[in-house]
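Visitor: I would like to learn how to read a few structural features. Could you walk me through them?

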Amino acid sequence: MAAQRQSPLLQVENLSIRFDGAPLGINVVDNVSFSVAKGKTLCIVGESGCGKSVTALSLMGLLPTPPARIVGGTANFGGRDLFSLSERERADMRGNQTAMIFQEPMTSLNPAFTVGDQIIEGILRHRRISKAEAKERALEMLRRVRIPAPEKRMRAYPHEMSGGMRQRIMIAMALANEPQLLIADEPTTALDVTIQAQIISLIRRLQDESGMAMILITHDLGVVAEVADEVVVMYAGRIVEAGSVDAIFEDPQHPYTIGLMGSVPSLGRRQGRLATIRGTVPSAEMMPKGCRFMPRCPFADERCVNDAPPLAELEPGHWARCWYAPLELHRGGIV
Amino acid sequence: MLRYIAKRILIAIPTILIVSVLVFTLQQLLPGDPVLTLAGEERDPQVLAFLREKYRLDDPIPVQYFAWFSQVLQGNLGISLRTDIPVLTLILSKLPVTIELAIFAMIIALAIGIPTGIISAVRKGTSVDYAANVVALSGLSIPNFWLGILLIMLISVRWKLLPASGFVPPTEDLWLNIKTMLMPAFVLGTGLAASLMRHTRSAMIGVMRSDYIRTARAKGLLSHVVIMKHALRNALVPIITLSTLLFGELLAGAVLTEQIFTIPGFGKLVVDAVFNRDYAVVQGVVLCTAVGFILMNLLADVLYVLANPRLRHSR
Amino acid sequence: MTLAITEDMALPKKRSRILTKFLKHRSALLGAGIVLFFVLIAIAAPLLAPFDPVKPSFSTIRKPPSALFWFGTDELGRDVFSRMLWGARASLSAGVISVSIAVFLGVPFGLVSGYFGGWIDAVISRSTEAMLAIPFLIFAIALAAFLGPSLSNAMIAIGLSAMPIFIRLTRGQVLSIKAEDYVEGARAIGLPDFWIIVRYILPNVVPPILVQATLTIASAIIAEASLSFLGLGQQPPNPSWGSMLNTAKNFMDQAPWMSFFPGIAIFLIVLGFNLLGDGLRDALDPREN
Amino acid sequence: QTLRIGLNEDPDVLDPHRARTFVGRIVFTSLCDKLIDITPDLKFVPQLATEWSWTDPKTLTFKLRSGVKFHDGEPLNAAAVKANIDRARTLPDSLRKSEISSVESVEVVDDTTVALKLSRPDATLLSQLSDRAGMLMSPKALASADFGQKPVCSGPYKFVERVQNDRIVLERFKDYWDAKNYNFEKVIFQPIPDTTVRLANLKAGNLDMLERLAPSDVASVKADSSLIFAPVSGIGYQGLTINTNNGDRSKSPLGQDKRIRQALEYAIDRDVINEVVGAGIFPPAGQPFPQASPYNDKKFAAKKRDVEKAKKLLKEAGVERVKFDLTFGTGTTAQQTAEIIQAMAAEAGFDISLRPTEFAAMQKEAQAGNFDVNVIGWSGRVDPDGNIHPFVTCKGGLNDGRYCNQEVDRLLNEARITNDDAKRKELYDAAQTILQDELPIIYTYYQPWPFVLAKKVQGFQPYPDGMIRLKGMKFSS
Amino acid sequence: MTAVAPDPILEGIDLVKRFGGGGLLASPTIVHAVDSVSLSIRRGETFAIVGESGCGKSTLGRLLLRLIEPTAGDIRYEGRSILSLDPKEMRQLRRELQIIFQDPFASLNPRMTVGDIIGEPIWLHGLAKGSERRERIAELLRTVGLLPAHVDRYPHEFSGGQRQRIGVARALAGEPKLIIGDEPVSALDVSIQAQIINLLEDLKERFGLTLVIIAHDLAVIRHMSDRVAVMYLGEIVEFSTTDELFDNPLHPYTQALLTAIPVPSPVNRSPKPLLQGDVPSPTAPPSGCRFHTRCPHARPICKEQHPSLETAGDGRKVACHFWREIQNAGASALSASPQSAALAKRMALYTSWRERQDQVTNPSRK
Ligand SMILES: Nc1ncnc2c1ncn2[C@@H]1O[C@H](COP(=O)(O)OP(=O)(O)OP(=O)(O)O)[C@@H](O)[C@H]1O
Ligand SMILES: Nc1ncnc2c1ncn2[C@@H]1O[C@H](COP(=O)(O)OP(=O)(O)OP(=O)(O)O)[C@@H](O)[C@H]1O
Ligand SMILES: [Mg+2]
Ligand SMILES: [Mg+2]
């Protein structure tokens with residue numbers, strides 16, 4: 001749906017994921033569709049627990065199964081449906097055509113091996129080259145992610161590095177086999193602002209160099225604004241709004257997106273109290289049967305209680321899941 | 001690293017001092033008069049007086065303690081009151097036996113415990129896991145001495161497969177040595193295997209959950225590589241530590257096993273010495289065991305640090 | 001108005017999470033069942049036992065199990081079944097009382113050591129290590145021999161020997177809890193040390209102690225059996241499973257039933273406590289879900 | 001050909017003068033020859049001494065076997081005998097001192113004749129010299145400090161090695177004077193304290209014979225055609241020592257009133273103990289002298305149980321029920337015996353609390369008078385004196401109950417110095433008559449020495465002293 | 001924003017805190033967590049402390065409450081030193097000085113009910129008893145936006161935001177004059193974070209509190225605080241009123257911080273000059289100016305000479321040798337890009353409906 005301009009590299013259709021033991025019919029990821037084109041960046045935003053990581057992991061074939069289970073949908077990657085590949089085929093693809101970096105740089109590297117070994121291991125897994133060549137390649141990757149003194153760092157253990165360095169190592173590891181798609185799950189959340197800025201700019205530069213597609217998961221609207229081409233806003237397992245980054249930031253349609261933006265303190269001079277979204281994300285047991293945002297939505301009414309709104313295309317390439325979008329049309333009267 | 005080891009040794013010194021006091025007090029607690037036991041059936045008053053004099057048993061206890069401990073510091077553990085053999089000689093002759101037993105038991109424990117622990121962790125929640133757990137718990141719950149006697153009755157007496165007890169030095173007859181060690185090592189090893197299995201399982205489960213395992217899988221590594229290389233390597237750290245500690249425990253656990261299988265090792269030496277009120281032997285052996293235990297702890301700590309790159313450098 | 005949704009709705013239903021988790025744990029329930037079964041038997045021993053457990057009967061020596069003597073008779077013609085029922089009392093109380101001794105002595109030491117640190121901690125820690133360094137059984141044998149052979153002395157000996165485990169566990173637990181924000185929060189509102197220990201540290205120390213205690217009860221029962229095996233536990237003519245086994249081992253060949261049943265009973269009760277301990281561990285572990 | 005013998009415990013120091021354990025004596029029997037030996041009916045026969053005689057009541061002269069060598073090749077002669085006996089008398093930690101305290105000096109008459117000069121007549125001396133006090137060790141080896149670890153004697157087997165708690169290995173001494181009667185090349189003694197395991201080892205073929213079978217295993221051994229059961233009634237006994245005079249604990253009705261003690265004896269059925277605990281090898285004992293001993297007299301035979309009489313005696317003593325503690329050393333047999341006594345005595349009016357006590361502790365408590373009734377065992381001595389004098393004379397070293405009766409003392413002291421057997425028996429009978437009435441000790445059964453052998457072992461003759469004499473023994477081919 | 005009364009309520013004077021070292025067996029490395037920090041918090045203001053992870057913010061916060069003892073320096077509360085107080089006096093004082101922690105999951109005792117947690121300061125300081133206490137607890141719960149019916153529940157039954165509210169309620173229970181929030185919102189989701197920020201602001205106004213907010217999110221600081229102290233490696237490098245700091249950052253580190261913030265607007269994406277390298281370890285702080293290893297303007301003197309915190313007009317202070325020259329060199333002030341018209345319109349619509357929503361469900365609350 002979004003980003004139709006080019007033929008998409010990855011096209012996810014109606015992905016639904018369920019956890020064993022969750023209440024019947026409540027999927028942590030429900031009917032999610034999106035696509036990413038070559039060289040483009042798709043950002044998935046949403047609050048904690050809305051299913052961002054689960055979505056990403058399912059694309060990598062890393063979902064813990066059980067308890068997680070893909071109950072529907074397809075993911076077309078370069079003409080093949082990722083979900084119908086065998087485990088071996090998935091493994092061959094992981095770290096090769098698709099790669100992923102994670103949120104926790106502190107724990108995502110194996111403390112028992114040197115970073116060099118960990119990068120080389122990934123290269124050797126997918127390429128028929130000698131160990132020396134792999135090492136050369138690893139060194140090159142370290143240089144590309146701007147690690148000072150890479151020869152020395154190859155022999156270092158993860159704990160000897162700062163969080164920012166480790167995240168660079170993770171990136172080097174992920175990009176070592178020149179993947180077509182990089183999935184980055186909150187790669188900067190655990191880092192300090194100055195480091196975060198370094199990492200974001202590094203990722204963008206590398207993307208420009210290699211032309212790979214990227215799915216960036218975050219809950220920081222600032223990051224989204226800086227790097228995204230397309231944006232998907234998720235709430236409680238569903239996409240509530242999707243569109244180009246400009247559309248989302250200049251013309252947000254869904255009450256949740258608006259509330260989210262209102263919740264972020266502005267960097268300019270203070271403009272009074274923050275707008276908030278009240279309450280919290282419902283737990284699986286408490287999931288409303290209609291619109292999932294209904295209990296928190298200031299605009300909700302009977303209809304929202306009973307019927308889930310569809311994801312409607314309001315303008316070309318801009319979709320929102322709300323009965324009353326655009327709001328000023330339906331809700332403009334009462335102020 | 002060196003500094004860390006030095007620090008650990010420094011800490012061990014007061015512990016050993018306390019152990020020495022404890023050992024000494026403990027056996028003073030033992031009821032009965034060692035001289036009466038020593039003097040034999042006849043209890044000749046002349047002999048009693050002589051023995052009392054000879055072993056300074058009439059001195060105040062602190063004096064006895066310092067006399068003993070200053071000798072110990074000079075490397076003299078005294079002479080067995082019962083057999084006249086120097087305690088050090090006794091210990092040195094018994095230690096290899098118990099260590100052999102402990103090593104055998106450890107091998108059995110490791111051979112059973114670690115693989116089942118891994119399988120059980122990898123197959124967490126399946127019937128394989130369940131069965132392994134039940135077996136492990138049973139291993140933990142069977143009283144050692146009962147199992148020992150049961151095995152003797154069945155394997156040695158009924159089926160005559162293995163010798164019932166005793167010990168043959170490996171230098172004399174290696175095959176027989178192994179045969180005699182098999183049952184006691186098994187009895188001693190089962191409990192350990194069970195606890196190793198459980199620890200391996202929980203360590204592996206913990207490690208398998210960690211982020212770096214996900215990273216390894218994200219690199220496309222096949223699952224056996226992920227498990228055997230990335231997970232096991234990290235799970236081994238606590239397992240190694242535990243094994244070293246268990247080894248210390250093994251030495252202690254050998255007491256009962258040696259008693260049942262009449263293996264002339266450390267455990268039997270000390271129990272017999274307790275009952276014979278062979279003070280010098282009790283003191284010497286318990287002190288040695290305790291020091292050995294403390295050394296094992298030390299080794300465990302050091303190994304833990306060595307196996308842990310994170311700690312290896314920072315200490 | 002239908003949309004008047006309180007924030008309350010976002011909360012899960014109030015229910016004891018621990019109990020639920022425990023009840024879902026099948027093997028823990030089995031363990032609890034086994035333990036409960038033996039506890040009931042111990043309590044009801046006088047009612048259930050068909051024969052006098054201590055009075056010898058010279059006409060029925062070492063009879064194999066039969067309709068009259070379900071578990072056979074022992075070397076003095078006493079009904080093994082009746083002795084098992086009474087023996088449950090000794091074995092269970094050996095486990096429970098000795099562990100209580102260990103807990104009630106060990107926990108305060110551990111609390112003080114962990115909470116206040118410094119010299120006290122150094123002294124307690126070194127002593128604990130020293131005690132741990134001396135083999136449990138040797139420690140227990142020496143103590144039991146000193147105190148004189150009797151069940152209660154065996155319990156004291158086992159309790160004292162098991163004490164260091166609890167000191168260590170408590171200390172470690174205190175150290176980790178002490179570092180929690182909520183303890184700092186308590187200090188921030190001005191709560192005195194005493195109350196911090198009582199209201200913050202202690203309740204958080206209890207669950208792991210409880211788990212350890214259940215597991216230690218299992219080893220204490222075996223320890224009592226071992227001491228009885230060496231003649232330092234329950235005294236004749238009163239039965240405990242350990243002392244029965246001790247005697248029975250001399251009759252393994254001629255009267256295997258004499259050792260079979262106590263052996264199985266010890267195995268079962270220890271298994272029961274182990275299962276229970278495991279279940280409690282899982283139920284009380286906040287990380288497991 | 002190696003004979004493996006399972007022992008009940010590990011022997012102590014292997015120096016006859018300093019040794020104290022029963023199992024030690026078993027090892028010495030093959031290792032160290034004595035001046036004289038005994039027969040199964042407790043008569044003295046030559047060993048290293050070919051003949052002996054009382055030159056006067058204070059001089060005992062031995063004629064030595066000639067040409068005998070110690071294991072180290074040293075000649076065994078009168079000087080060696082003197083060195084040995086002097087050592088036994090004077091070594092500071094000699095445990096033999098009191099046994100031969102009557103010896104004042106040893107004279108070397110000629111190379112093969114030695115005379116013991118006594119300070120008083122001593123009827124027990126011969127029997128002492130038939131045991132450890134009469135064992136001869138190489139004087140040269142005695143000089144070394146670690147003799148106890150490498151004993152050098154003159155017995156049929158010489159010492160090879162000892163692994164404490166595991167085994168003692170002896171090998172045939174080629175130059176033994178009677179070597180042709182000894183068939184095994186090697187003898188290995190293996191201490192295995194657990195009776196079940198000991199028997200299991202025998203059954204499994206790891207042992208060729210064992211001593212002290214548990215009575216509970218008698219039936220199964222008898223039923224096993226691959227084993228030979230060879231019990232013998234020993235010279236020792238089991239009994240109950242009553243605290244009649246040692247400290248406050250003796251001030252009890254039981255300690256003070258002989259009628260209550262008599263009632264206790266009547267309450268006990270020794271036959272039941274024999275059957276239930278002893279599997280028939282615990283012959284009832286009423287006196288300290290074994291059946292094989294000429295000093296044993298039928299009139300002091302064990303009394304039959306008589307509960308009515310016991311009750312009557314209690315009534316006479318004016319008591320309804322009597323309470324006391326029964327202390328015994330931990331162990332299955334002792335415990336079973338105690339439990340039976342407890343049950344039987346209860347019917348007559350005794351409330352017994354059982355106090356199993358670890359042996360070392362029991363000894364000390366006994367000496368301190370901290371007991372009511374002790375179960376005691378005595379391994380027995382060949383001479384009657386050893387079985388009675390130390391236990392009931394006022395100053396007796398083993399008289400834990402501190403029983404003291406001048407008349408008994410007089411009779412027993414006199415018996416010690418009386419060499420005439422008939423006169424000696426009269427003295428013992430007189431003493432026994434008193435003791436049977438006052439009952440400071442109630443004898444329960446004679447200590448048996450139940451041996452078990454593998455079928456292939458032939459020619460074993462059990463002796464009442466419980467020793468294993470390998471002479472003439474061999475494996476069937 | 002509240003009017004700032006000039007008198008200081010809490011002052012730290014030359015505070016130093018080092019961890020480690022000492023003792024024979026102690027760890028040999030010394031962490032210079034806080035190094036001669038002086039600050040003065042005025043009654044009624046919201047004071048912010050900002051800096052990267054590990055720069056000593058939390059340590060400073062704890063020092064100010066004397067939850068840990070300083071290695072050197074003094075702390076004054078309402079003019080008198082609190083370091084000399086005995087434990088009893090200190091406990092009484094604690095009622096007036098409170099703290100809220102970052103991690104809503106670690107800061108509440110999992111084994112106490114909400115009622116017990118909130119009631120503890122009331123009980124401890126004898127503020128109310130029996131039914132009165134229950135009433136106060138209920139009132140506090142309402143104050144922080146929870147239902148009084150929740151008193152018997154345990155912390156784990158609440159979401160992170162709700163737990164943070166419980167933490168706030170506990171801090172309020174002793175009727176404090178000053179609350180230190182150690183990153184009170186950084187662990188929370190954006191929507192919840194906004195709720196808590198609003199709550200803290202409301203409470204501050206309602207109870208006349210002084211707030212000290214420790215944070216690393218500059219947007220939050222800009223929104224909430226009156227004055228800011230910027231910390232780097234245990235030291236304060238800049239001190240300013242909030243608006244001036246954001247409009248005209250003086251210290252190169254402050255400038256770098258501001259540049260690094262991602263701006264939530266896709267309008268003018270442009271590559272920014274970024275700070276290179278990592279924060280050095282506080283166990284071996286660099287010589288001279290601690291920032292020189294990363295400073296784009298560093299010169300040789302920075303390596304040798306430690307800059308003092310000098311006054312830079314308007315009550316501002318800055319610790320940089322060259323702040324005057326740097327001021328206008330490169331790194332500009334942060335410019336918040338204007339909201340698009342569509343967004344502004346929708347936001348206004350949202351806000352009005354949002355207020356209506358609050359009034360409908362809870363008319364008593366404003
Ligand atoms: N192993 C699991 N078992 C059960 N439920 C799970 C499991 N992992 C995740 N979930 C549930 O799935 C939902 C989505 O989780 P997910 O990790 O995708 O969220 P997220 O959007 O990535 O949040 P965050 O920002 O916290 O990373 C959550 O509600 C979570 O409770
Ligand atoms: N108890 C302690 N023992 C030793 N070092 C400590 C201790 N507490 C803090 N430190 C160290 O002091 C330094 C400052 O820590 P502090 O927690 O104050 O930083 P912070 O600015 O709050 O960081 P964050 O943003 O990560 O919370 C850090 O290097 C930290 O490792
Ligand atoms: Mg996530
Ligand atoms: Mg902090």
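Guide: We will look at a surface patch, some annotated spans and one whole chain. This is a predicted model: local features need pLDDT of at least 70, side-chain atom pairs count only at pLDDT 80 or more, and totals for chains, interfaces and linings use all residues. Residues are numbered from 1 along each chain as its sequence is written, chains are lettered from A and ligands numbered from 1 in the order in which they are written, and side-chain values use heavy atoms, leaving out hydrogens and water.

Visitor: Is Leu17(B) buried or exposed?

Guide: Buried means under 20% relative accessible area, exposed over 50%, and partly exposed in between (1.4 Å probe, protein chains only). Leu17(B) counts as partly exposed because its relative accessibility is 40%. Leu17(B) sits in helix H1 (residues 2–29) of chain B; helices are DSSP runs of H or I with at least four residues, strands are E runs of at least two, and both are numbered from the N terminus.

Visitor: What does UniProt list for chain B?

Guide: The unreviewed UniProt entry gives "transmembrane region" for residues including 9–30 and 101–122 of chain B; such annotations may be inferred rather than shown by experiment. In the model, residues 9–30 of chain B are 95% helix, with end C-alpha atoms 31 Å apart. Residues 101–122 of chain B are 100% helix, and their end C-alpha atoms also lie 31 Å apart.

Visitor: How many helices and strands are in chain D?

Guide: Chain D has 15 helices and 20 strands. Its C-alpha atoms fill a box of roughly 70 × 55 × 35 Å along the principal axes, and buried residues make up 64% of the 477 in chain D.
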